[in-house]
Amino acid sequence: MKQLIETPAWQTLATLSRHSLALRELFATDPQRFGRFSLNHDGLLLDYSKQRVNSEVMAALHALWTSAGVPAWIAKMRAGEPINASEGRAVLHIALREPAARPEVRAVLEKMRGFCADIHSGSWRGATGETICDVVNIGIGGSDLGPKMATQALAAFHQPNLRVHYVSNLDAAHLVTTLARLDPKRTLFIIASKTFTTQETMTNARSARAWLVAALGEAAVARHFVAGSTNLAAVAQFGIDPAHAFEFWDWVGGRFSLWSAIGLPLALAVGFGNFERLLAGAHAMDQHFFTAPVAQNLPATLALLGIWNTNFLDAATQAVLPYSQSLEHLSRYLQQLEMESNGKQVGRDGQPVGCATAPVVWGEPGTNGQHAFYQLIHQGGRLIPCDFIALKQADFDLPGHHAALLANCFAQSEALMRGKTLAEVRTELKAGGMAEEKIQQLAPLKVFPGNQPSTTLLLDRLDPYSLGQLIALYEHKTFVQGILWGLNSFDQWGVEYGKQLASRLLPMLEGKQLVSGLDSSTTGLIAACKT
Ligand code: F6P
């Protein structure tokens, strides 16, 4: 494969990046900048006018899209070709949200619909005849982050009288503190695991089972445990009735599995109709991604801006800053999506890709972040591209809240773009009546370099449809970036090594095997735990 870094488009971008663009000037000289560098599509506004780009840069980025053959890769994905080559699998999460879904997908969706109706109507009863009021999803990674993020995001749509909890961590504190508040007679567990072998999930599942059996007896398991998995044999072996196993398939990647049976806790939280609207929103974004020309294509634009920032402006991180408490877990979800997919240095062809790949994705909802780490974004001297995400219309509102929230969001991106010069600081302090001596002391501390790139994504509102669009937007962004970097975005060999070493250390920690053959640090740490 000819590496993208050798293409003329890449070389053009490298040349363009040598002339630093000053956002303040770009706005001052072009009153139409917002109109020229923003996209509107189906209730989403993507304003990238505060990115350090001009028409030339965008044209070169569009050329890069063509050089990398992204449309051909999209066609391969849609055709079900095994583009996850290292695992020999197709990548077809898009098929889970097709309105005319394949029969096996439709059958599981119908099973989920029926199950949700039974839980919500109270016709599903626990072993003692009581209705379910708490659902505990036990899963980790893709079997946790997506449904957890979406359940929180759609808090305004929650079903009454049903609470959905998420337990992921191997640390018993997670399960113990969750169960402490629950009544086994009215609790349903969903064991969510693509493989049904993941250590964290299986350990928590066994402990949850023991908790239930201690309270209600072995026979109660059938009424209190269901599963979402591709491994139905292991589900049955765990003691879950196959009638209560919700299947999905190896062509659904873990971090792309929210749309499958892994979405069951979400469907229970918000109702199956809302889950279907989420699928519809994602499908609408799929159609946009597949058909819109690159210059109008939202996922393509996000992806290409990320390439510009990472590979040409040397940004090492990407902040995700939703001005929405409901999107509290979005940055953690995107961490797995982008970093597990594209945090790789060896390409599809087994060769080093020769350029930086996925940035460190991180963030917190505004305004909380403003009082924690924004100081560094404003004055820390590092290039930190930011994605601001805001809602035109609040999902929860009280007088005086939403306009103030939006004012903060827009003010932050403005401040990051404009910065404040020493001369401006001096004028401001002088106007405030400060003595010259004090001004000299303080002014340098109050300078803001600015020119910090950001994108603002404005959603009309946060509802199941727009959340589906938003998640699919980032999924396709991740896919495009993987193609451009020459990666297989759908495997994750990097998580294997730690698992392998942990299974070697476990018997030593448990005292079942002598501590030997380890480095002195690991030996010392194990010894310290035993004293
Ligand atoms: O972190 C590695 C990983 O394999 C993820 O890709 C996956 O989402 C997670 O573990 C959980 O896997 P499973 O759903 O099989 O339990």
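Student: In which loop does Asp314 lie?

Tutor: This is a predicted model. Asp314 is not a glycine, yet its phi is positive, about 65°. Helix H14 (298-312) and strand S8 (317-322) flank the residue, and Asp314 lies in the loop between H14 and S8.

Student: What is omega for the peptide bond from Gly366 to Thr367?

Tutor: Start with the place. Thr367 is found in the loop between strand S9 (360-362) and helix H16 (374-379). The bond from Gly366 to Thr367 is cis, with omega near 5°.

Student: Which residues are closest to the ligand?

Tutor: The shell around the ligand holds 14 residues. By class, 2 are nonpolar, 9 polar and 3 charged. The closest are Gly142, Ser143, Ser193, Thr195 and Thr198.

Student: Which residue has a polar side-chain atom 2.7 Å from an oxygen atom of the ligand?

Tutor: Sort the contacts by backbone and side chain. Gly142 places a backbone N or O atom 2.7 Å from a ligand oxygen. Lys194 has a polar backbone atom 2.7 Å from an oxygen atom of the ligand. The side-chain contact, at 2.7 Å from a ligand oxygen, comes from Glu340.

Student: How much of the ligand's exposed area does the protein bury?

Tutor: Take the contact of Glu340 with a ligand oxygen at 2.7 Å again. Now look at area. Alone, the ligand exposes 390 Å². Of that, the protein buries 86%.

Student: Which pocket does the ligand take?

Tutor: Look at the space that the ligand fills. That space is the largest pocket.

Student: What distance separates the centres of domain 1 and domain 3?

Tutor: The domain assignment gives domain 1 as 2-83 + 280-418 + 452-485. Domain 2 is 98-270, and domain 3 is 496-529. Taken over C-alpha atoms, the centres of domain 1 and domain 3 are separated by 41 Å.

How values were computed
Residues numbered from 1 in each chain as written. Predicted model: local features only at pLDDT ≥ 70, side-chain atom pairs only at ≥ 80, totals over all residues. Heavy atoms only, no water. Near = heavy atom within 4 Å. Polar contact = N/O pair within 3.5 Å; in protein donor to acceptor, adjacent residues only side chain to side chain. Areas by Shrake-Rupley, 256 points an atom, 1.4 Å probe, with all protein chains shown as cover. 1 Å grid on protein atoms, 1.4 Å probe; cavity = no way out; pocket = protein on both sides within 12 Å on 5 of 7 lines; lining within 4 Å. Sits in = over half its atoms within 2 Å of the grid points. Nonpolar A, V, L, I, M, F, W, Y, C, P; charged D, E, K, R; others polar. Domains from an automatic or database assignment. Helix = DSSP H or I, 4+ residues; strand = E, 2+ residues; numbered from the N terminus.
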